[in-house]
Amino acid sequence: MRKSNVILLALLVGILRLEATIATVFDFNYGEALDKSLLFFEAQRSGKLPPTQRVTWRADSGLKDGFSQGVDLVGGYYDAGDHVKFGLPMAFSVTMLAWGAIEFSKEIREYNQMGNALWAIRWGTDYFIKAHPQPNVLWGQVGDGASDHYCWERAEDMTTPRNGYKLDANNHGSDLAGETAAALAASAIAFKPYNSSYSNLLLVHAKQLFSFADNFRGLYDDSIPSAKQFYTSSGYSDELLWAAAWLYEATNDVYYLKYAVDNAVYLGGAGWAVKEFSWDNKYAGVQILISKILLEGKGGAFTNTLMQYQAKADYFACACLQKNDGYNVYKTTGGLLYVREWNNMQYVSSAAFLLAVYSEYLSAANAKLTCPEGLIQPQELLNFAKSQADYILGNNPKSISYLVGYGPNYPTHVRHRGASITSIHILHSVVECVQGFEAWYYNPQGNPNVIYGALVGGPNQNDDFSDDRSNYEETEPTLSGNAPLIGLFA
Ligand SMILES: *[C@@H]1O[C@H](CO)[C@@H](O)[C@H](O)[C@H]1NC(C)=O
């Protein structure tokens with residue numbers, strides 16, 4: 001090779017390298033992602049839709065939920081691509097929405113999304129209030145997974161049984177009642193600056209539900225067996241602490257903090273070191289929320305126990321950051337946290353949100369994260385949260401956005417009954433239960449409705465993804481996966 005050619009080649013390689021660097025610098029529009037994530041909650045609305053409804057392919061549905069049992073359970077959210085109103089993930093989702101609205105209220109307002117965020121919370125809390133007609137009664141589910149999943153129909157055409165299932169003094173459910181208390185307490189904080197009477201109302205329900213959860217201990221899926229196959233609870237101790245922590249945040253009443261301290265060992269708050277934060281397992285959330293009290297210098301006589309909570313909060317954060325002396329959350333080669341095959345993205349969005357929140361708490365206190373592999377600046381937690389958000393939005397080996405309707409390339413065969421069938425406003429005739437499978441579910445074409453802002457289950461452990469409606473592990477969106485995104489994108 002002549003010398004001039006060598007120089008030319010070196011130059012060319014240099015240019016290519018530069019281009020590769022430029023190509024991996026993504027500039028995502030988080031405001032747009034935030035707006036779209038909130039739209040997903042409108043697509044999931046059950047009940048009578050308001051005139052302000054922006055997802056216009058949807059219409060009223062479930063207008064008699066609860067009536068056959070003498071209770072009004074109209075409203076709330078459908079869980080995922082189906083039409084069951086599952087109480088536990090719905091309540092967790094509202095808690096996440098509210099936490100996002102509390103922690104990142106300034107940013108959400110700057111994006112002009114506070115109205116939409118409060119609506120998303122309120123669609124849940126209005127329903128929880130209806131579902132809680134007496135101090136020790138909580139309706140925890142409407143519809144039944146088995147019969148619902150037997151059909152592929154629009155919510156507006158629903159023909160399936162809409163039985164309600166309740167908890168009461170004879171049918172305990174501390175996990176569900178505790179999570180609902182947490183959701184209402186967090187929402188009371190989120191609403192306080194905007195509507196103090198509504199905030200007070202939410203708090204009344206939250207306190208009653210916490211007492212109900214605490215005094216009548218048990219697993220909700222023993223009382224509501226039809227939830228077991230879909231949302232089995234691994235325990236209720238975390239939800240009791242979680243509810244207490246949120247009630248302390250909402251009331252400043254030391255009774256609730258003392259509860260979390262006195263029960264730190266018995267209920268596992270200071271003992272459990274976990275690598276997952278989800279609708280089922282709230283330990284990491286409690287540990288980080290309680291760390292805030294310590295970081296604000298308000299630990300007082302409780303400081304020692306709160307430090308035990310924080311040690312476990314650190315374990316979770318370090319495990320996500322891969323700095324936990326080998327006890328880390330698995331990360332794909334593409335850089336995504338990977339916890340489980342079925343809807344892995346829900347664990348990604350919740351973990352990323354939690355790290356963003358923890359980063360705020362630490363930096364407000366001028367503190368660092370202590371990991372077995374060194375001290376970490378709060379900014380590093382935020383960078384990590386950003387890496388997960390960017391993976392979701394398209395910075396991944398498939399160059400696809402797992403947030404539907406964002407960017408040029410996103411899943412078009414989302415496993416969602418309503419999105420996969422032409423809107424009732426266009427196709428007026430009823431699509432019957434089994435007919436929907438032949439006509440729509442197996443239809444090779446993309447969905448007629450783009451379900452904007454839905455976070456699908458996402459790729460497998462090899463960063464691979466197949467955009468197919470039958471691939472329920474990867475193409476179905478859920479409330480609990482979407483809810484942490486509001487705070488994360490903000
Ligand atoms: C506040 O909440 C109440 C329900 O408790 C509602 O009737 C009222 O319209 C709300 N006020 C505002 C300003 O949104």
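1. A disulfide is counted here as a pair of cysteine sulfur atoms within 2.5 Å. The structure is a predicted model, and the count under this rule comes to 2 disulfides. Numbering the bonded cysteines along the chain, the pattern of pairing is 1-4, 2-3.

2. One disulfide is formed by Cys151 and Cys433, with an S to S distance of 2.2 Å. The torsion about this S-S bond is about -90 degrees, so the disulfide is left-handed. Cys151 sits in the loop between helix H6 (145-149) and strand E3 (164-167), while Cys433 sits in the loop between helix H17 (417-420) and helix H18 (435-441). The bond therefore ties together parts of the chain that are 282 residues apart in sequence.

3. Are the two ends of the Cys151 and Cys433 pair buried or exposed? Buried means under 20% relative accessible area. Cys151 has a relative accessibility of 4%, so Cys151 counts as buried. Cys433 has 14% and therefore counts as buried.

4. The other disulfide joins Cys318 to Cys371, with the sulfurs 2.1 Å apart. The torsion about the S-S bond of Cys318 and Cys371 is about -95 degrees, so this disulfide is left-handed. Distant parts of the chain are linked by the pair: Cys318 belongs to helix H14 (residues 303-320) and Cys371 to strand E4 (residues 369-371), with their positions 53 residues apart in sequence. Both Cys318 and Cys371 are buried.

5. Why is Cys320 not bonded to Cys318? The closest cysteine sulfur to that of Cys320 is in Cys318, but the distance is 9.3 Å, which is too far for a bond. The cut-off for a disulfide is 2.5 Å. Cys320 has a relative accessible area of 1% and is buried.

6. The model also holds a ligand, and the residues around the ligand are Arg122, Asn195 and Tyr198. In the side chain of Asn195, an N or O atom is 2.4 Å from an oxygen atom of the ligand. The ligand taken alone exposes 360 Å², and the protein buries 38% of that.

7. For checking against the structure, the cysteine positions to look at are as follows. Cys151 with Cys433 is one disulfide, and Cys318 with Cys371 is a disulfide as well. The sulfur of Cys320 is too far from the closest cysteine sulfur for a bond. At the ligand, Asn195 is one of the surrounding residues, and the 2.4 Å distance to a ligand oxygen involves the side chain of Asn195.

Technical notes
Residues are numbered from 1 along each chain as its sequence is written. This is a predicted model: local features need pLDDT of at least 70, side-chain atom pairs count only at pLDDT 80 or more; totals for chains, interfaces and linings use all residues. Side-chain values use heavy atoms; hydrogens and water are left out. Helices (H or I, at least four residues) and strands (E, at least two) are DSSP runs, numbered from the N terminus. Buried means under 20% relative accessible area, exposed over 50%, partly exposed in between (1.4 Å probe, protein chains only). A residue is near a molecule or strand if one of its heavy atoms lies within 4 Å of it. A polar contact is a pair of N or O atoms within 3.5 Å; within protein, one must be able to donate a hydrogen and the other to accept it, and residues adjacent in sequence count only if both atoms are side-chain atoms. Accessible areas come from the Shrake-Rupley method with a 1.4 Å probe; for residues, only the protein chains shown count as cover.
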